[in-house]
Amino acid sequence: MSEQLKFIVDQLNREPFKKNLNLITFDSLEPMQLLQILNDVLAEIDPKHAIDIREEMPEQTTKRMFALLGMLKYKPPGNHSDVSKFRQGLVTGSKSVVHPILFWLLQKVPELKKRAYLARFLVKLEIPAEFLQDDVINETYHQYEELVEGFKTYHKECEQLRTSGFSTAEIRRDISAMEEEKDQLIKRVERLKKRVESVTNHQRMLEQARQLRVEKEREEALAHQKQEQKNQLFQAEQRLQRSQQQLKDLRQASADASPESLMKRLEEEIKINSYMVFEKLPKELDSMRRTVQYLQKVVSEPAMGQADVQEIESKIKVVDSQINQLIEKRMMRNDPMDDKLTLYRQQASIIIRKKEAKAEELQEAREELANAEKELNQRSDHGEDGGVTVKREEMQRLVTRLRGKGTQYKKKQKEMAELQTEYGVLQQTEDVLHERHQELQKKLETVEAERGISGFSNTQEELERVSAIKSELDEKKGQTLDDMSEMVKKLNYLIAQKKEALSPLIKELRSLREQNHKVKQEHEDKKAVYERTAAGLESNCSKLEQDVKVLKEETAQDENRYHFLNSQCQITEMQLQRAADEVKAYVSSDPQERKKTVREMYMKNIAEQELLGKKLRERQKMVRENHGHNMEQMKMWKDLELLIECKKQCFIKAQKQALISKATRRRRQARVVALEEDA
């Protein structure tokens, strides 16, 4: 909150406000003064609000500020239940309401100025629908909408020109520099003409110089044309080499191609494309949508202050602590089934990551191939059109780069050849199926012709469709006509009723208008008298308030000084009394009185502390002397404990073995008894 107040005071002390405030004076402002500062900030954003709120009713001030804040899209802090409190706080000039508004406004003054300027022209007028039935009003409203759209386009063009980097001052400087250069060239030409006029046959020499310049320009054009022809010849040779290489690759691909290999490659490509379409791309799309939703949520949220940031950080800490607790609980549980499954989960995640990495590599390779083919086509098109001449060194670098990707290009060409053969097979299958469909259609037509119902199937379907459409249209038409007739009757009846009801009201309204005019005139006169009287009283009150305030401050300062000096005197008297008592007790011959002195008490404490220190040093010496023996004794006790534990374990094992041997003996005896009974 202190940072917020510092920012507000700092901005109010700058241009164009210049309030000359500090934290103390700003915090001690009265509600009316605080509202006046808020109104001054709003007036800087929109000049229509540059008024003194003392000359305005509080309801009008609140309504005007609410309208402007709503237009500027200010969101009050808190939920919807706090809106009434916010409104009441703005009416009363509460600091908890006005301070956040000032902080938000002073952060975005240029942006809010622009928004207020645009709102004057872009916020459309709300006209009731019954008024738009009038042709003149409707036409005027359409013209108004067209003007608004035109303003939008002009404003966009103006913003683009402002941000395009063109400066009128720079253009004017360039024009002035060019005009100066033009004047200098004109003067130079005139001086040269004067020099040449004194030479004999100067016209003939000028003509020969002109012809020489024309011939040089022609020579340069011919050299340029020769270079272009050389480049075109080199490009044609390169195209011929590429075409021969493509022909060779196509022959090799057709020689090695087989239906099984084509099917296998097509299946692999279908698997890759299905993975890209159904797994990879939907995940990327979902992540982008979540990112967009998060960004939209962030944009829709109001500007956060330091308190909001601290609250969010505290929530993050609480959530982190909860996560750590859950992780600790999971580690303490240590389910062996989960341990077995973690291995498979890790393997599955590794495979998924590898699959995604390979899919990204494939996507990058495809994009690189498409870019290379696009670049190659552009260069070949430019070479054929003659628009751009490619140098020999650049062409050699391009050929070297293409040779480096020759293997990949051959594979792709081979796959394309396989796909083309498969496309031919599918096209042939489609043609066969189409021919069969035509044959069946002809057979159906012959059967219909034999039975005298040629075109029956097509005609029947068409008639059913047309009849269904006609019945629907007839029903809709009848319903529409009935509704229209009923609505016309209702409207006529309502209009007649409204006319009858309004006729006496109109008569009363005329007389009331005359009375209203008289009352308004009287109100204006009395209001002027009231305003003059109020202004004089307010000026006197303000002077008296200033005097009272100054006197109160002086009185408060004098009271503070009096209380401070009085407390200092009391403290000094207590110290003097204590010193006198100390001297009296120290000088006294009574030993009991002397023992009560501060000196005796401190001496007694010093003696006790020295005795305690002596005892502690003796104890430390004894501990150091017995430390080794005590450590050996502790080690012996630990060894004895281990020995007893070992004996205990041995005894338990012996008991278990005795039980096992006893059980085995019983089983053997039972078996022997069973065998004897069988025998």
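Helices (H or I, at least four residues) and strands (E, at least two) are runs assigned by DSSP and numbered from the N terminus. The model shown here is predicted, so local features need pLDDT of at least 70 and side-chain atom pairs count only at pLDDT 80 or more, whereas totals for chains, interfaces and linings use all residues. Residues are numbered from 1 along each chain as its sequence is written, and side-chain values use heavy atoms, with hydrogens and water left out.

**Figure 1. The whole protein chain, with its 18 helices and zero strands.**
Buried residues, meaning those under 20% relative accessible area (exposed is over 50%, partly exposed is in between, with a 1.4 Å probe and protein chains only), make up 12% of the 679 residues in the protein chain. The surface that the protein chain exposes comes to about 58,100 Å², of which carbon and sulfur atoms supply 56%; accessible areas come from the Shrake-Rupley method with a 1.4 Å probe, and for residues only the protein chains shown count as cover. A contact means heavy atoms within 4.5 Å, and among the contacts between residues at least 6 apart in sequence, 62% join residues at least 24 apart.

**Figure 2. Pro-100 in helix 6, which spans residues 95-107.**
Leaving out residues up to four places away in sequence, Pro-100 touches Gln-4, Tyr-74 and Lys-95. Pro-77 stands 23 residues from Pro-100 along the chain, and the C-alpha atoms of these two prolines are separated by 8.5 Å.

**Figure 3. The largest nonpolar core, a set of 34 residues.**
A nonpolar core is a set of buried Ala, Val, Leu, Ile, Met, Phe, Trp, Tyr and Cys residues joined through side-chain atoms within 4.5 Å. The members that touch the most other members are Leu-12, Phe-26, Leu-38, Leu-72, Ile-101, Leu-102 and Leu-105. Two or more residues each are given to this core by helix 1 (2-12), helix 3 (31-45), helix 4 (58-71), helix 5 (83-92), helix 6 and helix 7, and the largest share, eight residues, comes from helix 6. Leu-12, when its neighbours within four places in sequence are set aside, is in contact with Phe-17, Lys-18, Lys-19, Leu-21, Phe-26, Ile-37, Val-41 and Leu-106.

**Figure 4. Salt bridges, of which the structure holds seven.**
Side chains of opposite charge can pair when their charged atoms come close. A salt bridge is counted where a side-chain nitrogen of Lys or Arg lies within 4 Å of a carboxyl oxygen of Asp or Glu. One of them joins the side chains of Arg-14 and Asp-10 (3.1 Å, N to O); Arg-14 is partly exposed at 44% relative accessibility, and Asp-10 is partly exposed at 35%. Another joins Glu-111 and Arg-115 (3.2 Å, N to O), which are separated by about one helical turn because they are four residues apart in helix 7. Glu-111 is partly exposed, with a relative accessible area of 43%, and Arg-115 is partly exposed as well, with 27%. The side chains of Glu-149 and Lys-152 also meet in a salt bridge (3.7 Å, N to O), and because these residues are three apart in helix 8, about one helical turn separates them.

**Figure 5. A nonpolar patch on the surface, formed by Leu-125, Ile-127, Phe-131 and Ile-137.**
Patches are made of residues with over 30% relative accessible area and no salt bridge, where like charges are joined within 9 Å and nonpolar side chains (Val, Leu, Ile, Met, Phe, Trp, Tyr) within 5 Å. Together the four residues have about 350 Å² of accessible area. Phe-131 is found in the loop between helix 7 (109-122) and helix 8 (135-163), and Phe-131 counts as partly exposed because its relative accessibility is 47%.

**Figure 6. His-155 in helix 8.**
His-155 is buried, because its relative accessible area is 17%. Apart from residues up to four places away in sequence, His-155 touches Lys-114 and Leu-118.

**Figure 7. Cys-646 and Cys-650, whose sulfur atoms are 4.2 Å apart.**
A disulfide is a pair of cysteine sulfur atoms within 2.5 Å, and by this rule the count comes to zero disulfides. The closest cysteine sulfur to that of Cys-646 is in Cys-650, and at 4.2 Å this is too far for a bond. Cys-646 is partly exposed, with a relative accessible area of 43%, and Cys-650 is partly exposed at 47% relative accessibility.
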